[in-house]
Amino acid sequence: MQLTMEPLEEMLASARAMDEARVWNRALSQIEIQSGMNQEFASGTGLIGRWGLNEGTGTTASDSATSPTTENGTLRNGTTAANGPVWTADSPFTTAGSCT
């Protein structure tokens, strides 16, 4: 599976930072989005893809949502994976959570 989100890529290019990416198979309510936007999620109802971006090195983003399948990603900094991401040691998240 290849997931390409060019408008998201353009937005992130200007932000230059991202801590976690999630894909849900359902629409989240405004309350769910607001309550979970500053938390890491290990699981949640309808969570089908979650890349925590906690690897710290390399160009692989591991998908920790194993249902229906695990889909690891390749991180890029520019047009090729060879450029790789710029990793940082800090994290904006202060708590772990679960969305049900």
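Biologist: Is R22 buried, partly exposed or exposed, and what is its relative accessible area?

Modeller: This is a predicted model, and the class of a residue follows from its relative accessible area, since buried means under 20% and exposed means over 50%. R22 falls between those two limits and is therefore partly exposed, with a relative accessible area of 24%.

Biologist: With which residue does R22 form a salt bridge, and how far apart are the closest N and O atoms?

Modeller: In general, side chains of opposite charge can pair when their charged atoms come close. The partner of R22 is E20, which counts as buried at 13% relative accessibility. Between E20 and R22 the closest N and O atoms are 2.5 Å apart.

Biologist: Which residues are linked with E20 in a network of salt bridges?

Modeller: Besides its salt bridge with R22, E20 forms another with R50, where the closest N and O atoms are 2.8 Å apart. E20 lies in the loop between α1 (6–15) and β1, whereas R50 lies in strand β3, so the pair ties together parts that are 30 residues apart in sequence. Both E20 and R50 are buried. The residues linked with E20 in the network are R22 and R50.

Biologist: The structure holds 3 salt bridges; with which residue does R26 form one?

Modeller: R26 is partly exposed, with a relative accessible area of 27%, while its partner is buried, with a relative accessible area of 16%. The closest N and O atoms of this pair are 3.0 Å apart, and the partner of R26 is E32.

Biologist: Which residue in β3 stands opposite A21?

Modeller: Strand β1 (residues 21–24) and strand β3 run antiparallel and are joined by 4 bridges. Strand β3 (residues 47–51) is mostly covered, with 4 of its 5 residues buried. Leaving aside neighbours within four places in sequence, A21 has contacts with G49, R50 and W51, and the residue that stands opposite A21 is W51.

Biologist: Which residues make up the largest nonpolar core?

Modeller: In soluble globular proteins, nonpolar side chains tend to be buried together. Here 22% of the 100 residues of the chain count as buried, and the largest nonpolar core has 5 residues, namely A21, W51, L53, A61 and L75.

Biologist: What pattern does the chain follow when it is read along the sequence?

Modeller: The chain has 2 helices and 6 strands. Among contacts between residues at least 6 apart in sequence, 46% join residues at least 24 apart. Read along the sequence, the pattern is α-β-α-β-β-β-β-β.

Methods. Residues are numbered from 1 along each chain as its sequence is written. This is a predicted model: local features need pLDDT of at least 70, side-chain atom pairs count only at pLDDT 80 or more; totals for chains, interfaces and linings use all residues. Side-chain values use heavy atoms; hydrogens and water are left out. Buried means under 20% relative accessible area, exposed over 50%, partly exposed in between (1.4 Å probe, protein chains only). Contact means heavy atoms within 4.5 Å. Two strands pair if DSSP finds at least two bridges between them. A nonpolar core is a set of buried Ala, Val, Leu, Ile, Met, Phe, Trp, Tyr and Cys residues joined through side-chain atoms within 4.5 Å. A salt bridge is a side-chain nitrogen of Lys or Arg within 4 Å of a carboxyl oxygen of Asp or Glu.
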